[in-house]
Amino acid sequence: MKPSIHLIQMFILGTLLVGCSKESELTIKEAELTDNEELLFDSIGKETYLFDLEGELIKGKAMSIGVEEYDYGELKDDRSFLSLGKNADDEEAQVEKYKKLFIMLNENTDAEMSVDVRVTSENGFFSLTAAELGTIDVEEKAYASDEIIGEEAVNLMDDNGEDKRTYIAHLAISPDGTLRSFDIEHATQSNDDYEFLYLFYVETHDFEE
């Protein structure tokens, strides 16, 4: 019998909580998977993205995980699924040292797409959310899905410590059955190559209640 998808998710997340943290800095990179872990992800049979997070956000800062939606390069929607952070005025709040970010796309009935997002921390705490994305028709069309960032850690704040939006993964669909190599600049401008695009991101910003 095929193992439960959610049990597989929890097993992967539980076994990958390793590493050290760097105070007052938060970086992200593509997670390094063992052969067995890659097999587990393949068995899920869905689009999944797993990232290593290292470090923490100072109180008063937050990070949001969200998606931009494009039609032929035109921005149609921009929404956040999950926001994490601590109020600067909360003296008792514990600053979390984040470890993993997990995103999984699910295709439901009638081509309806949904997304599961999970973030884990060093102390075992995890946040999760699920959201509806909408309808995507991929029948007889080419599509590509992959992480945008690689194995080199990227700081989620810029060099001056300012907030920024970091693009981490994409799902693109071509109208004619062929798909060019993904180019984020080309894909987010008016074009005939990408009928549809989901562009996932992490954004840092001031904490809001």
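Of the 209 residues in this chain, 41% count as buried. The model is a predicted one, and the description below walks through it from the overall fold down to single side chains. The chain holds three helices and 11 strands. Followed along the sequence, these elements come in the pattern α-β-α-β-β-β-β-β-β-β-β-β-α-β.

A good place to start is the open sheet. Six strands make it up, in the order S7-S6-S5-S2-S1-S9, and the pairing is antiparallel. Strand S7 (126-135) and strand S9 (154-155) sit at the edges with a single partner strand each, so one side of each has no neighbour in the sheet. In general, strands of a sheet pair through backbone hydrogen bonds, and the pairing can be parallel or antiparallel. At the S7 end, the partner is strand S6 (residues 112-121), and the two run antiparallel over nine bridges. One contact to look for there is Asp116, whose bridge partner in S7 is Ala130.

Asp116 also helps to locate a residue in another strand of the sheet. Phe102 belongs to strand S5 (residues 97-107). The C-alpha atoms of Phe102 and Asp116 are 7.9 Å apart, with their positions 14 residues apart along the chain. With a relative accessibility of 0%, Phe102 counts as buried, because the cut-off for that label is under 20%.

Strands S3 and S4 form another antiparallel pair, this one with 10 bridges. Within the pair, Ile65 stands opposite Leu82 in S4. The two strands make a hairpin with two residues between them, and Tyr72 takes a positive phi near 50 degrees in this hairpin. Tyr72 has that positive phi although it is not a glycine. Its place is the loop between strand S3 (61-71) and strand S4 (74-85). Tyr72 counts as partly exposed, at 35% relative accessibility.

What about the charged side chains? The structure holds 10 salt bridges. One of them brings together the side chains of Asp163 and Lys61, at 3.0 Å from N to O. This pair ties together distant parts of the chain, 102 residues apart: Asp163 lies in the loop between S9 and strand S10 (165-174), while Lys61 is in strand S3. The two partners fall into separate accessibility classes: Asp163 is partly exposed at 29% relative accessibility, whereas Lys61 is buried at 16%.

Strand S3 contributes to a second salt bridge, in which the side chains of Arg165 and Glu68 meet at 2.6 Å, N to O. Again the link spans distant parts of the chain, with Arg165 in strand S10, Glu68 in strand S3, and 97 residues from one to the other. Glu68 is buried, with a relative accessibility of 4%, while Arg165 is partly exposed at 24%.

Arg165 has another acidic partner as well. Its side chain meets that of Asp78 in a salt bridge of 2.8 Å, N to O. Asp78 sits in strand S4 and Arg165 in strand S10, 87 residues apart, which makes this one more link between distant parts of the chain. Asp78 is partly exposed, with a relative accessible area of 35%. Put together, salt bridges with shared partners join Glu68, Asp78, Arg165 and Glu203 into one network. The hairpin strands S3 and S4 therefore both take part in salt bridges with strand S10, because Arg165 of S10 pairs with Glu68 of S3 and with Asp78 of S4.

Finally, some charges gather on the surface. Asp89, Asp90, Glu91 and Glu209 form a patch of negative charge there. Glu209 comes from the segment after strand S11 (196-206). Is this residue buried or exposed? At 79% relative accessibility, Glu209 counts as exposed, since that label applies over 50%.

Definitions and conventions. Residues are numbered from 1 along each chain as its sequence is written. This is a predicted model: local features need pLDDT of at least 70, side-chain atom pairs count only at pLDDT 80 or more; totals for chains, interfaces and linings use all residues. Side-chain values use heavy atoms; hydrogens and water are left out. Two strands pair if DSSP finds at least two bridges between them. Helices (H or I, at least four residues) and strands (E, at least two) are DSSP runs, numbered from the N terminus. Patches are made of residues with over 30% relative accessible area and no salt bridge: like charges are joined within 9 Å, nonpolar side chains (Val, Leu, Ile, Met, Phe, Trp, Tyr) within 5 Å. Accessible areas come from the Shrake-Rupley method with a 1.4 Å probe; for residues, only the protein chains shown count as cover. A salt bridge is a side-chain nitrogen of Lys or Arg within 4 Å of a carboxyl oxygen of Asp or Glu. Lys and Arg count as positive and Asp and Glu as negative; His and the chain ends are not counted. The place of a charge is taken as NZ of Lys, CZ of Arg, CG of Asp or CD of Glu. Buried means under 20% relative accessible area, exposed over 50%, partly exposed in between (1.4 Å probe, protein chains only).
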